[in-house]
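Colleague: Could you walk me through one part of this model in some detail? I'd like to start with the sheet and then see what lies around it.

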Amino acid sequence: MQSSMLEQFKKDVMEGLSAKPKRLPSKYFYDQRGDELFVQIMHLPEYYLTRAEHEIFREQTENIIQELGISPEKHFELIELGAGDGTKTKELLAKLTANGFSYDYLPIDISQNALNGLKDSLAIELPDVCCRPKQGDYFEVLESLKNGKHQKIVLFLGSNIGNLSDERAADFMNELGKTLNPDDILFLGVDIIKDESIVLPAYNDSAGVTRAFNLNLLERINRELDANFNIENFEHAPEYTVESGVAKSFLKSLENQSVYIRSIDREFHFEKGEKIHTEVSRKYNDEIIEKITENAPLEISSKLSDSNNYFTDYILRISNHF
Ligand code: AVI
């Protein structure tokens with residue numbers, strides 16, 4: 001880890017564990033182990049999100065192209081924020097290429113490793129796709145692309161927006177709106193509010209992978225900040241109610257205990273039953289999408305859902321009253 005990132009990690013852990021109630025940012029789930037566990041999560045029977053969005057990309061590819069209103073005559077840039085392994089997007093890329101569309105695919109990710117893997121796999125599976133990966137912060141990269149002359153279609157899939165609070169999601173939309181030009185499009189994939197009996201198991205799978213994913217955060221603090229969390233003394237405790245539409249993950253202390261974090265020279269006390277809030281996974285409907293975009297120059301133009309209505313890809317266009 002770069003030293004500035006390590007300093008930020010220490011600061012976030014210090015602040016989060018000093019707060020009442022205690023919290024830790026979910027972005028720290030994703031070290032090498034966390035990335036591996038998240039890949040496993042995406043294949044779990046209970047984790048319907050990835051399958052549902054993949055179904056949209058596989059079964060409604062023509063619809064997506066139609067709703068985007070693109071034509072083979074006009075070149076565009078397809079930009080994907082946090083592309084991962086690009087499995088879903090490849091369905092769209094294959095169809096666009098087969099139908100003679102002229103475009104560049106620009107996956108943006110913080111991880112150069114993920115981008116290299118994606119570029120290599122595309123070179124084999126879809127060698128005609130012009131892939132121009134960009135490593136870095138989403139907004140910095142988008143800003144650098146703002147003055148390009150082609151239309152931009154920005155993909156933000158997987159309900160990744162749901163890991164932000166509504167306030168931060170609204171800020172994200174405002175920032176994103178500033179980097180887009182009038183004919184650009186945001187293609188936003190989100191998980192839809194639905195019954196607890198479907199959502200909760202997705203965050204509490206029977207194989208215990210999500211439990212390991214959540215606990216890896218404490219293991220990472222042990223590894224990188226030289227702490228002595230006893231993982232067995234904490235339990236994965238997810239919550240969800242259909243009324244709030246927000247799934248939350250917690251780590252619950254199973255006893256009264258103290259933990260020492262050497263690199264910040266601080267001891268933290270945990271009461272039996274005390275919880276550390278580690279993640280929000282917001283679920284959406286049209287009203288909530290409208291709310292998080294109300295101060296951004298973006299409005300819903302259309303949407304596509306899977307056959308169960310579990311997941312929706314919204315197409316948002318730049319509104320002209322801004
Ligand atoms: C990445 N993100 C959309 C996942 C989600 O569903 O909130 C992360 C995750 N957390 C537990 N399981 C999956």
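Modeller: Happy to. In this predicted model, four strands make up an open sheet, and their order across it is 1-12-9-8, with mixed pairing. Strand 1 (22-23) and strand 8 (234-241) are the edge strands, each pairing on one side only.

Let's take a close look at strand 12, which covers residues 275-282. Its pairing with strand 1 is parallel and runs over 2 bridges. If you'd like a residue to click on there, K22 has I276 in strand 12 as its bridge partner. Strand 9 (residues 246-253) also pairs with strand 12, but in the antiparallel sense and over 7 bridges. On that side, K248 is a good place to look, since V280 of strand 12 is its bridge partner. Strand 12 is also mostly covered, with 6 of its 8 residues buried. As a general point for reading any such element, side chains in a regular strand alternate between the two faces of the sheet.

Now for the ligand. There are 14 residues around it, and those that come nearest are Y47, N163, Y203, E279 and S281. Y47 places a polar side-chain atom 2.5 Å from an oxygen atom of the ligand. For Y203, a polar side-chain atom is likewise 2.5 Å from a ligand oxygen atom. With N163, the pair involves a nitrogen atom of the ligand, which is 2.9 Å from an N or O atom in the N163 side chain. On its own the ligand has 340 Å² of accessible area, and the protein covers 98% of that.

While you have the model open, have a look at helix 10 as well. Helix 10 takes in residues 209-225, 17 in number, and at 1.5 Å a residue they should span 24 Å; the end C-alpha atoms are 24 Å apart, so the two values agree. There is nevertheless a bend of about 30° in helix 10, at N216. Helix 10 is mostly covered, with 12 of its 17 residues buried. N216 itself is among the buried ones, as are its sequence neighbours L215 and L217. Others in that buried set include V209, F213, R220, I221 and L225. In general, an α-helix has 3.6 residues a turn, so residues three or four places apart point the same way. After helix 10 comes D226, and the phi of D226 is positive, near 55°.

Definitions and conventions
Residues are numbered from 1 along each chain as its sequence is written. This is a predicted model: local features need pLDDT of at least 70, side-chain atom pairs count only at pLDDT 80 or more; totals for chains, interfaces and linings use all residues. Side-chain values use heavy atoms; hydrogens and water are left out. The expected span of a helix is 1.5 Å times one less than its number of residues. The bend at a residue is the angle between axes fitted to the seven residues ending there and the seven starting there. Buried means under 20% relative accessible area, exposed over 50%, partly exposed in between (1.4 Å probe, protein chains only). Two strands pair if DSSP finds at least two bridges between them. A residue is near a molecule or strand if one of its heavy atoms lies within 4 Å of it. A polar contact is a pair of N or O atoms within 3.5 Å; within protein, one must be able to donate a hydrogen and the other to accept it, and residues adjacent in sequence count only if both atoms are side-chain atoms. Accessible areas come from the Shrake-Rupley method with a 1.4 Å probe; for residues, only the protein chains shown count as cover.
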